[in-house]
Amino acid sequence: MRKTLPAILLAASLLWGPAACKRRDRASVQYTEEEAPQLATIVHAADPRTAAQFVSGFHDIEQNAWRWTAGRFAVVLRVPRGAAEKGAVLRLKFSVPEPVVEKLKTVTLRASIEGTGFEPESFTQAGEFTYEREIPAALMTGESTRVEFSLDRALPAGEIDRRELGVIVSSVGFETP
């Protein structure tokens, strides 16, 4: 038994030793300029790849599907191909929740790009809506643009939630006509 124990230990160290000593390299992802994530023309509230495009006034993703907004919110969008010649259509898909209508009675939504405001729209019922406006080609000349939204009223922080609450956004983006 004395002679077999060292043989067993030697055999075990030869079998498991190299595996235990191997250096494990961790994979790391580094973007180069050619691989950098590009801005999207249409952003969905639940898509983590486009989360950075929700630049202000958006709360965290909820139920893997949507985001509450504050009373003022903004998004940066890539200008679609051909929009500098044809213009584009801005579409914001959102919901006005029942508690917002119960407390505020009506909510008016406005959008603007580079200081140019677009026709506001008022909502007096809870439900799902699409705010859609034609954007002139003159505002679609760069690679990207910031779209500012504002509500005339929002639920103040503390009444229902600790955050200021406006509407619930599912997506926002540009499409060419």
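Here is a guided walk through some of the contacts in this structure, which is a predicted model.

Let us begin with charge. Side chains of opposite charge can pair when their charged atoms come close. In this model the count of salt bridges comes to 8. One of them joins the side chains of R49 and D47, with N and O 3.0 Å apart. The two partners sit in contrasting surroundings. R49 has a relative accessibility of 72% and therefore counts as exposed, since the cut-off for that is over 50%. D47 has a relative accessible area of 16%, so it falls under the 20% limit and is buried.

A second salt bridge brings E62 together with R163, and here the closest N and O atoms are 3.1 Å apart. E62 belongs to strand β2 (residues 54-62), while R163 is in the loop between β8 (144-151) and β9 (168-175), so this pair ties together parts that are 101 residues apart in sequence. E62 itself is partly exposed, at 22% relative accessible area. There is also a third member to meet: E62, D161 and R163 are linked in a network of salt bridges.

For another example, look at R153 and D152, whose closest N and O atoms are 3.7 Å apart in a salt bridge. R153 is partly exposed, with a relative accessible area of 36%, and D152 is partly exposed too, at 38%.

Now let us turn to the aromatic rings. A search of the whole structure finds 6 aromatic pairs. In one of them, the ring centres of F94 and F123 are 5.2 Å apart and the planes stand at 85°; an angle over 60 degrees counts as edge-to-face, so that is what this pair is called. The pair links distant parts of the chain, with F94 in strand β4 (residues 88-96) and F123 in strand β6 (residues 116-123), 29 residues apart. Are these two rings buried or exposed? F94 is buried, at 3% relative accessibility, and F123 is buried as well, at 4%.

F94 also forms an aromatic pair with F129, and this one is tilted: the centres are 6.0 Å apart and the angle between the planes is 35°. Because F94 lies in strand β4 and F129 in strand β7 (residues 127-135), the pair ties together parts that are 35 residues apart in sequence. F129 is partly exposed, with 25% relative accessible area.

Elsewhere, ring pairs link F54, F58, F73 and F149 into a cluster. F54 has a charged companion too, as R67 lies over the face of its ring, 4.8 Å from the centre.

A charge over a ring turns up again in strand β7, where R133 is found. The charged end of R133 sits over the ring of Y131, at 4.2 Å from the ring centre. The side chain of R133 also reaches the backbone oxygen of E119, at a distance of 2.9 Å. With a relative accessible area of 15%, R133 is buried. Not counting residues up to four places away in sequence, R133 touches A88, V89, L90, F118, E119, P120 and E121.

Two more residues round off the walk. T41 has its place in the loop between α1 (4-21) and β1 (42-44). Where might its side chain find a polar contact? The partner is the side chain of R78, and the distance is 3.0 Å. T41 counts as buried, with 12% relative accessibility. Leaving aside neighbours within four places in sequence, T41 is in contact with L77, R78, P80, V172, G173 and F174.

The other residue is A84, which is found in helix α2 (residues 83-86). A84 is partly exposed, at 38% relative accessible area. Its C-alpha atom is separated by 8.4 Å from that of P136, a residue 52 places away along the chain. Not counting residues up to four places away in sequence, A84 touches A137, M140 and T141.

Methods. Residues are numbered from 1 along each chain as its sequence is written. This is a predicted model: local features need pLDDT of at least 70, side-chain atom pairs count only at pLDDT 80 or more; totals for chains, interfaces and linings use all residues. Side-chain values use heavy atoms; hydrogens and water are left out. A salt bridge is a side-chain nitrogen of Lys or Arg within 4 Å of a carboxyl oxygen of Asp or Glu. Buried means under 20% relative accessible area, exposed over 50%, partly exposed in between (1.4 Å probe, protein chains only). Helices (H or I, at least four residues) and strands (E, at least two) are DSSP runs, numbered from the N terminus. A polar contact is a pair of N or O atoms within 3.5 Å; within protein, one must be able to donate a hydrogen and the other to accept it, and residues adjacent in sequence count only if both atoms are side-chain atoms. Contact means heavy atoms within 4.5 Å. Rings of Phe, Tyr and Trp (its six-membered ring) pair if their centres lie within 6.5 Å; planes under 30 degrees apart count as stacked, over 60 as edge-to-face and the rest as tilted. A charge sits over a ring if NZ of Lys or CZ of Arg is within 6 Å of the ring centre and within 35 degrees of the ring normal.
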